[in-house]
Each structure stands twice: as C-alpha cells, then as structure tokens.
Amino acid sequence: MSESTIAVAPAAAAEPEPRRHRPLVLLLQGAWRQGRTKIGLAIVILLVGLAVIGPLFAPYAPDKTANIPGQAFAPPYAPPTAGARLGTDTLGRDVLSRFLWGGRSVLALSALATGIGLVLGVAVGLLAAHSRSILDDVLMRGMDVLLAFPQIVLALVAVATVGPKLWLLVMVVGITTAPRIARVTRGAAIQVVERDFVHAAEALGESRTKIIFGELLPNITSPLMVEASLRLTFSIALIAGLSFLGFGLQPPAADWGLMINENRQGLEINPWAVVAPVSAIGLLTIGVSLVGDGLSRASIGIERGGIDR
Amino acid sequence: MKLLRGISGFVIRRLLLGVLTLLVVSVVIFAATQGLPGDPARAILGKNATPDSLAALRQQLGLNRPVASQYWHWLSGFVRGDFGTSLAAGQPVCCSKSSSLLGGRIENSAFLVLVAALISIPLSILIGAMSARRRDGPFDHVMSVVTLALAALPEFVVGIVFVVLFGTVVWLLLPPVAIIPPDQAPWNYPKELVLPTLTLVVAVVPYISRIMRASMVEVLESDYIEMARLKGLRESKVVWRHALPNSLGPTIQVIALNLAYLAGGIVVVEFVFGYAGIGAALVDAVHNQDIPVVQALAMIIAGIYVVLNLVADVVTILITPRLRTSLS
Amino acid sequence: MSAPAWDGFVVEVEDLRIEVESQGVDIVDEVSFQIEAGEVLGLVGESGSGKTTVGLALMGHCRRGARITGGKIRIEGRNILELSTAELRALRGRTVSYVPQDPGSALNPALRIEKQLDEVLAAHRYGNSGEERRVRLLEMMDEVLLPPEGRFLKRYPHQLSGGQQQRVGLAMAFACRPRVIVLDEPTTGLDVTTQAHVLDTVRNLCEIHRVAALYVSHDLAVVASLARRVAVMYAGRIVEAGPRSVLFQSSAHPYARRLIEAIPVISGRHALAGIPGNAPRPGRRPSGCFFAPRCTYAREECTREFPPVVRIADLHEVRCYRHADVLAEAAHGRPAAEELTALRADDRLLAVDHVSARYGERQVVHDVSLAIESQECLALVGESGSGKTTLARCIGGLHRAYTGEVRLRGELLPAGARARDRETRRQIQYIFQSPYSSLNPRKTVGQIVGQPLRLFFDFGRREIDARVAVALERVQLVASVADRYPDQLSGGERQRVAIARALVSEPTVLICDEVTSALDVSVQAAIVELLGGLQREMGLAMLFVTHNLALVRSIAHRVAVMSEGRIVELGPVDRVLGQPQDEYTQRLLADTPTLEAVPV
C-alpha cells in the first residue's frame, strides 16, 4: 500500500531540455537553414563588396574618358575593347570603372533612408499600439495621409520644390517609409498588447517605457525584421529609380541609376553601359528580398512551435 | 432595401472621411511645395533674373500674398475644376477639353492602368489559388521563387530588361518605345502598348498572387473546410465554393493598394517608354519645377488612392456576410 | 431510404495505427474497439491523447501531417481504409458523419445555413429534387429543435447563438440518416444549460435512429451522462475500456483511476489529487508502459514492454500489469480534503461596495457588494458573460471603468493599478486564465518571476535569484526552470510559473481568474491542490473566479454566484451548493453533469 500513497514529485518538469538560445538567435538560425537566405545573403555580400571595394580595382577615375589604344579620343558607346572592357558610355568614359564606382551611393542612401524610416515607424507604431486611446487614432490617421501617395509621387513633389538634393531624397524616402513600417509595427504590437503578460506587467506597475521596450518590442522583432528587409528592397528601388529619372546624383557623378539614364540612347550600340547597372540593381533587390523571405519563413516556423525544416 | 440604405450610409461616411483625408493631403502638398526651402520664382527664372522680373513673377504667381490666402485660392480653384496654369507651358493644367496640358494624358494613363489591371487581377487570383491548392507542390515552389524575385525588381529594371530582350538588343519583336501622338487614342497602338502593360503587370501580379495564396492557404486549413470535406463534397466544390469566397476578402484590400500603387508605377514606366501619360508629365514638370502641374498631379493621384480604397471597402462588405448583415 | 439492418457491430476498429507522416512516429497505435447500432461509446482522454485523431479516422480522414499506416476500420463489415477517394467521399456525410468541436468555426461564414445543409443532401443524392430536399431539410430542423422556417434557414452562421450553431451541426450530421456518427467534444465552449439541452438532443437522435456513435471528449462527466461504454485513452493507446458503471466505480488502470479522482465533485468535499508530470508526446514516449513514469504502482516489469490487453470481466478490458493490485485497493474512496483555515470573526480584509462596471458601452457588472476576510477563500461562480472576470479585474486594478468602492483594510483604492501605490500593488496579486498568454515568451522564467521583486523591493541580483528559486520550489518546480523560456514548458508548468510570480512578493490578496480552465483535468486538480495548500500555508485571502461549480467545494469557504452582472446568491459553500435558494443557482446545479449521477 505504501507505494500508492501520493507523493507529488517536486520536479514537475521531468526531463530537462537543454538550455536554449534567445528567441532572436533562434530566428536567425532558422533563417540560415533556408537555402534562399544563403543565396540572398551571398548576392547581397557580393554586391556590397563590389560597391565598397570595387573602386580600388577600377582602371580609371569615374569622370575620366577611357584610353583606347589606337584612338586619340575614346568614342561614345564604343563596344568592349582592350582599353575599356565593357566599352564606353555616352561621353566616352570607361563603363567598367563607372560601374565599379557607382554602387556606393545607392547602397548608402537607401540604407540610411530605411534606417530613418525604421526608427520613426517603430516609434509611432509602438506608441499608437500602446496608447489604446485617441492618440492611436490621431497617429494612424496621420500615417494614412502619407500613405495616400505612392512613395515616388511624394518624393517628386519634394524634388520639384527644392531640387535634386541627396539629403532631401534620404529624408523623403525615410519619411514615406515610416508610415508603412508604423502600420506593421502597430498591427503586430496591438496583438501583443492584448496578451495577458502585458496586463500582468501593468498590474505590477511596470513603467510605460519598460512595457514598450521590455514586453512589446521583443515580441515583434520577427515581423519587424521581415518588414525592414522588404522596405530596404523598396528604398533601393526608389533611390535608384529617382536617380534613373535624373533626380538623384547629378552628372558627372558615377551612379548606377544615373548610368542607366545617361546611356539609354546608346542601348543598341553598347548595351553594357545599361545592362551592367540594371543587373546590379535587379540582383541587389532580389538578394535583399530573398533574405527577407528566409527570415519570414523562419519566423512562421517559430510561431508554429518548430524551427526545423 | 435595408441593405441598400446601410451601404449608402456607409459610403457617405467613408466619402466624408475621404474628403477629409484629401483636405489634409492638400495641406501636405501645399506645405511641401511652399514650406520647403526654395523660391519658385527664382527657380523658374534662373540665377540671372533681375529683381524686377522676379517681383513681377511673384506678383503673377500670388507669392506675395499671405500663405493662407494662397492656399485658399489654390484649393478653391481645385474645387471649381481650375487646376492652375502651367508655368512652363502657360496653358491651364487641366481639365478644359481642348487646350489643357493634361487633357489627353489622363485618358492615356487611365487606359494603360485599366488594361494592366484587367490582366493582373484575374491572373493573380488564379496563380494564388492554384498555388494554395497544390501547396508545397512543384507549381507552388516555382511560383514562390518567381513571384518573390519579380516582386523585388523595380519597375524601371523590368521595363529596361523588356526593352533589351524584346525591343532592341536580343529580339526585335516589339517597339521599344510607346509614343502615342497627341489627338490619338492609345488603343490604336496595340503593339506599342504591349511592353508598358507587361511591365505594370509584372509589377503587381507577384504581390496580389502571394497574398491570395496566403489567404487561401489559411482558409483551406480552417475547420469549415475540413467539415466540408467530411460532408462528402467534391474537392472542386470545396475549393471554389467554400474556400474561394472566404479568401477574397483580404485580397481585395491588397488589390486596391496595388492599383493605387500603379498610379505611382506609371511614373517610371511611362518615362521608360516615353508614353504620353500623367506619369511622364509629372517627371517633366519636376524637371521644369512647374509647381502648379506637380500640385495638380499629386492631388489627382491621392484622389485615385482615396477612391480605390473606398471601392475596396464597399466590395469587401458586399462579399462578406458578417459585415454586410451588420449594416442592414 | 432506410438501409438494410446490419447485425453485428456497425463499427469495428482493429489495431489502428496512425503516424506522423514524415517521421514514422506513431500518434496512435494498437487501438481496437467495436460499436453496435444504437450504442454510444465514449472515448475519453486528455489533450494530446489521440482521441480526436481516432475519431477522424472513422471517416478515413487524417489531419495534415498524419497518416493511417496500419489496422482495419470496418463500417458495416467494409474496411474503409481500402476504399477509393470517390468511395470515401460517398461514405462521408452519408454513412459516417461528423459533429465538430467548435461549431462556430466549422460552419462556413460565407454561406447561408440553408445552403450548407442542402449541399449534404445534394452531394449524396438524398431526395430527387430541390423540393424533396427542402422537405427533408425542414424535417431535420424540427428534429434538432430549431425553427423549421425559411427565414431561419436564410441566416448566416454568425447570426446564430453557439447552441443554435451546434444544432445546425447536428442537423447536418443526421441529414442523410447515417449509420455511424462521430461527435468530437460537441459541447465544449457551450455554457452548462445549453450543453444540457444539446446533450439531450444527441441522446434522443442516436436512440431513435439506431446510430452507432463515438463520443470523443475530455469531460468524463459529460461522457458518463451519454455513453454506456467508455474507453480511456492515454498517449495514443486505449488503456482501459468497459461499461461506464464499472469504469467509474472500480477502474483497474491507475491512470483511469487517478483521472477520475482528479474530477471535482459537487456533492461533498474531497481532496483533489492531480497526476504529477506530463503525458509524453509522440516520439518521446518511454519504453514499456507509457504511464509508468507517472505511476505510483510502477514496477520494473512496467518499463520493459507495453502491457497486453487483459479481459478482467465481460466487456471490461485493461492494459496494466498491476490491475489486480489496483482493483484490490478500496474502490474509489476519496481522501477527505484538508480542513479549511478557521477564520477569525470580523477580520474583513478586502471590501467591494456597490461596484458597477462597464465594458465599452455595455454595463456588465451591476451594483455588486462583497467582502473577503483575511485568510478566506471566496469563490466567484458564473457562466461566461456573467461579469465575474470584469469584477475580478476591477479589484485587481486591470479594469478602470467602474463606479463604487474597493477597499483594502478599510482604505479606499483608486481605480487602475497605475494609480495605486507600490505597497497596494504588492499586496493584491492576480493570476490570469491562460498561462499561454500571461507569460512573455521572450523572457526566461527567472526574469518573469523576478519582475515583481525588481519592482517592489530594492534587492540585489543575488537576493532576487535566491527568492526566485524559493518561489519556484514553492510551486513544485525545479530551480533550473529559471533558465527556460515559457514555450519549453507544459500548460500546467506555465501556470505554476504564473503562481510563483504572483506569490514571490508575499501578497495578502490573491485573485485567481479561471486559472484552470485552459488546463486538462488532471493538471487542473494539481493546480487547485497547490493553490489550496499555498492559501492555507501563507494565510492568503483569495478570490477564486471559476465557471466550474464543482471546483468550489474543494477550495472555498464561501461562494458568490453571479449571473448577468449581479450576485444572485452568496453564502457558505455547503449551504449554497446543498440548499440553493436562488432559482438560477438551482438550475445551474441541475444542469451541471456529474459523475455521481451516473446510473449503475
């Protein structure tokens, strides 16, 4: 009989699972297991590397005309030859050199703009979700007004007034990115706000900042990282697109978007002057969005309780 | 009948909200064009303008009146259909039939967007539904990668790749530019329209089809779909009759957003193909710092967004019984 | 259209095995049972036991990721696992039909109920014309006690109440006069009164139409009121099966026995005994008997091989090496509960005076007054929507929109935790319904339990760690749990963590809001047992909010019954449950299914 007496084991957690990594580390690990993340990351690293150290390997300075053996002046749109591996552009400058120089601006400007948008958007979204009051309505209606324009239209309105200034581009792209991030942030945070652990923290009298940064923010990092990578794709497209329209860097600067604009007329004579920057921009956006998709798949996997596969 | 009254009440409320949004939008546009540093008069006349001519132009533009009065003048003109006078062309911007700057261009752009939308929407729903139905199958996997890559590409990249592939370097199949002469209807130039339309289709289909797939996958996992199968219904009936109507709701909102996005997409696409629409006009106006034209176009594009959202909300209500019955 | 009578068992399941598709790990194995025409078999188990998986298998259906890999399922002699897709489709809804767990989500929100009912008939060519089908449709509505009129049929699911939705589900299931019907917890989520009515309808329909029914449920009391035979599942196996009277009076499997002992009873005060530990998930099941690690009877032989089926009486089968010893022990004599703390007269700690609360536009609490004495446990009982949780949240500082007074030791408390001082917040602690929602998934257990210490005291890190360890030990968790994240713990373990968080700051008032309703019966018993013990030991005043009348007996001094925002009856537990004065309390007591009511 003695064996049947109820002895509540002090260890309700029977088999101890191994100590686990932080959820954010799990997300990154999960994303890394996706083949597409690796491919995307490889593409991004390749192009960022090209943009950063490319100029070291450029045969000419970006604003110098090419030196083609046997010719006093390099002709415009020369097809690839000895002195110019990818031919020359509309002014006879070396396409390869300008291509190697031309990635820095797109990358730096779009990363900066996305960063600004992320900070602004997350702040507004978290504040709106946490306030659960009229402030929420006011903030989100304000965001709706900015959302009523496609990003490029608002950017063009600003450029029309001020002129093509780089700081303006970064600000406009950042500010128009913010409401989109704010929406996602608020959408994710509003679900977290209704969970009882937030109520529990409130009942304990935890400060508002601690609740926002300790309880809310850590629970929306996955959707935020996915959204951030998506927005980076858009910022790259937008910044490069504005350069392509002629509102970004101004000649004689070397910039992928501007190169496409300048050399479109000679597309049939030396396609490389257009094809090289177009492919670089296209690959870059694809690479970033592959990484974003990998993150997104990993975060769905984690939500469902398993991170394998 | 009650439903009709409920819907019209809803539409009126939403219209008022839309008007309010547009009002705030107009303030934003006006503030952006007036409040940002920069002197339109000097911008127009250039660095070498004499003080006299600058003053004269400021007078003509009304720049020396108080800002509030300038705003009121601009906005009331808008309501009357007077969109101002182009600084560069000296013509009214819109919309008096014969001589306005944007007259024919609005129709050109509308036609382009309409054709692109008519192709994109059914195509996306079909791709999304088929991917969801054969989830994790080969079609789904291929579509997942293809739509992901295409969604990432900027429109001008897609447009130029099309020009390189089909218009110039690789195959000379289609005209690389789509120049429609003034006074001519765009539908008389079907060949020219192919590449711009295709570019816009590529710009939206990936988004709509991905959201359609996601929404359909969720519906297919729901209890009522399992129940429909356990009732012994045919799979085709389960998918098209039970799952599709429930997956369309979230998709419609995304369709509206993407159509509104097309209004921005045409800026780049029209520029790439030299198509005479409002997008190309906007780029020209920005180059010329032709502020009245920029203001008018920005307002038109924001108006399109507001209207599309309203339409999407009404359609969503009509196809969602829970929302519909709450109105009547 | 009546099918020829089938003599013999309508349903015969033999050695059924269902696996996780990709891993070859079994979810369910060696499951065998039979059902005759007109008989209801109850299939009982806790969450994760595989009972729903078995239920769905009777229709040849598996959820995504699962696959039937072995055994036979014969319906009227035909093995349905060998049928083609088309044949299976003809079987489903026609010969075998299904009543789902949550009727709200099992009805298509986009289609009118008429369409959803009619398409079952149409799919199985039941009735030759639309006219004929419509006649049958109205007849069905009548059978399930819904208004048989066109206006009602034109409604969408969201325009029906939960009870009506489930009746539509029943009508759908009985539409084509099936031979077999699988009911998957069809009354979970309905309140007791509605549940009682739906169960009546089910009982009548099965009897009249001589249907063989499998009733899947976690609720033994509900099963007992419906099924003459019951099978108990544990970790994917049927461990005991027999006539209900035998099973509930003298079960021979330790798990079945402990499960029954874990059920609170309304009639008398008994100690609730939970089962320590957790049921093993597929792929993590031990060798030998799956229950052995949690079993007080377990011996060495139990860990070697899963026990074979032993027939110990007619229709009574069990899978346990030690069934004789289990049976030899006194038939279910429950140990008496520990004495409740004796209360000092007139030591009122918390007082609620004339509190009315609104939720948005709606008033949900109407002029409620009550008091809790120090060291007393007051139970607050009511069905969903009665306003009991809102009242608890007003007291706990989580709901601010109320009028009236809440006092602690005579001192008036402001509305909302933020307006209260640190000492008040420390003294009143709140435990939430769902431990899946009340613990931040991004924090470790140590951080969660340490949070109140950080806020209420000025301890150093070492002191906090030490106190967290003590708190965890108090709720019977090992100290190393502090390094885990909540999603690494089971529901019961999570609720223990939530209790530790509430108690770590040594409060005087503890508010428990439906703290067991998200948990299995055996876990519920353990949590209630733990809470009761801690309440006595720490001298806490406790407000125990619950919809489960039976739970009240085991833990509370007094009980307040709430209905539609008002307290309709308040008094000592024995009096209120023994001689209820209010009509609502009487009806609630009568409608609550109990094991004591099982006919022998």
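# A tour of chains A, B and C

Begin in chain C of this predicted model and select β14, β13, β16 and β17, four strands that form an open sheet in the order β14-β13-β16-β17 with antiparallel pairing. At the edges are β14 (362-373) and β17 (411-412) of chain C, each of which pairs on one side only.

Next, select the pair inside that sheet. Strand β13 (residues 348-359) of chain C runs antiparallel to strand β16 (residues 402-408) of chain C, and 6 bridges join them. For a reference point, pick Ala351(C), which has Arg407(C) in β16(C) opposite it. Then add helix α13 (residues 388-396) of chain C, which lies across β13, β14 and β16 of chain C. The helix runs at about 120 degrees to β13(C).

**The eight-stranded sheet of chain C**

Stay in chain C and select the 8 strands of another open sheet, in the order β6-β7-β8-β3-β9-β10-β12-β11, where the pairing is mixed. Strands β6 (96-99) and β11 (310-313) of chain C are at the edges with a single partner strand each, so one side of each has no neighbour in the sheet. From one strand to the next, the twist averages 20 degrees.

Within this sheet, highlight strand β9 (residues 229-234) and strand β10 (residues 237-243) of chain C, an antiparallel pair with 6 bridges. Arg229(C) has Pro243(C) in β10(C) as its bridge partner. Now show α7(C), which lies across β6 and β7 (180-184) of chain C and runs at about 175 degrees to β6(C).

**Helix α5 of chain C**

Select residues 130-143 of chain C, which make up helix α5. With 14 residues at 1.5 Å a residue, the helix should span 20 Å, and its end C-alpha atoms are indeed 20 Å apart, which agrees.

Which residues of α5(C) are buried? They are Arg133(C), Leu137(C), Met140(C) and Met141(C). Their arc around the axis is only 100 degrees, so they sit on the same side of α5(C). Colour the other side separately: Glu131(C), Glu132(C), Val135(C), Glu139(C) and Asp142(C) are exposed there. To see what the buried residues pack against, add α4 (113-123) and α7 (162-174) of chain C. Just past the helix, stop at Leu145(C), which follows α5(C) and has a positive phi, near 65 degrees.

**A buried loop residue in chain A**

Move to chain A and select Ala254(A), in the loop between α10 and α11 (256-263) of chain A. Is Ala254(A) buried or exposed? Ala254(A) has 25 other C-beta atoms within 10 Å, and since 20 or more count as buried, Ala254(A) is buried.

Beyond its neighbours within four places in sequence, Ala254(A) is in contact with Pro62(A), Arg98(A), Trp101(A) and Gly102(A). Select Asp63(A) as well: Asp63(A) and Ala254(A) are 191 residues apart in sequence, yet 7.6 Å apart in space, C-alpha to C-alpha.

**Where chain A touches chain B**

Finish with chains A and B together. How many residues does each chain bring to the contact? Chain A brings 38 residues and chain B brings 42 residues. On the side of chain A that touches chain B, the elements giving two or more residues are α5 (134-147), α6 (151-162), α10 (221-245) and α12 (272-303) of chain A. Coloured by residue class, this side of chain A divides into 26 nonpolar, 9 polar and 3 charged residues.

Note on methods: Residues numbered from 1 in each chain as written. Chains lettered and ligands numbered in written order. Predicted model: local features only at pLDDT ≥ 70, side-chain atom pairs only at ≥ 80, totals over all residues. Contact = placed C-beta atoms within 7 Å. Nonpolar A, V, L, I, M, F, W, Y, C, P; charged D, E, K, R; others polar. Pairing = 2+ DSSP bridges. Axes fitted to C-alpha atoms, helices over the stretch in contact; angles between N-to-C directions. Expected span 1.5 Å × (residues − 1). Buried ≥ 20, exposed ≤ 12 C-beta atoms within 10 Å, placed from the backbone. Arc of directions from axis to C-beta.
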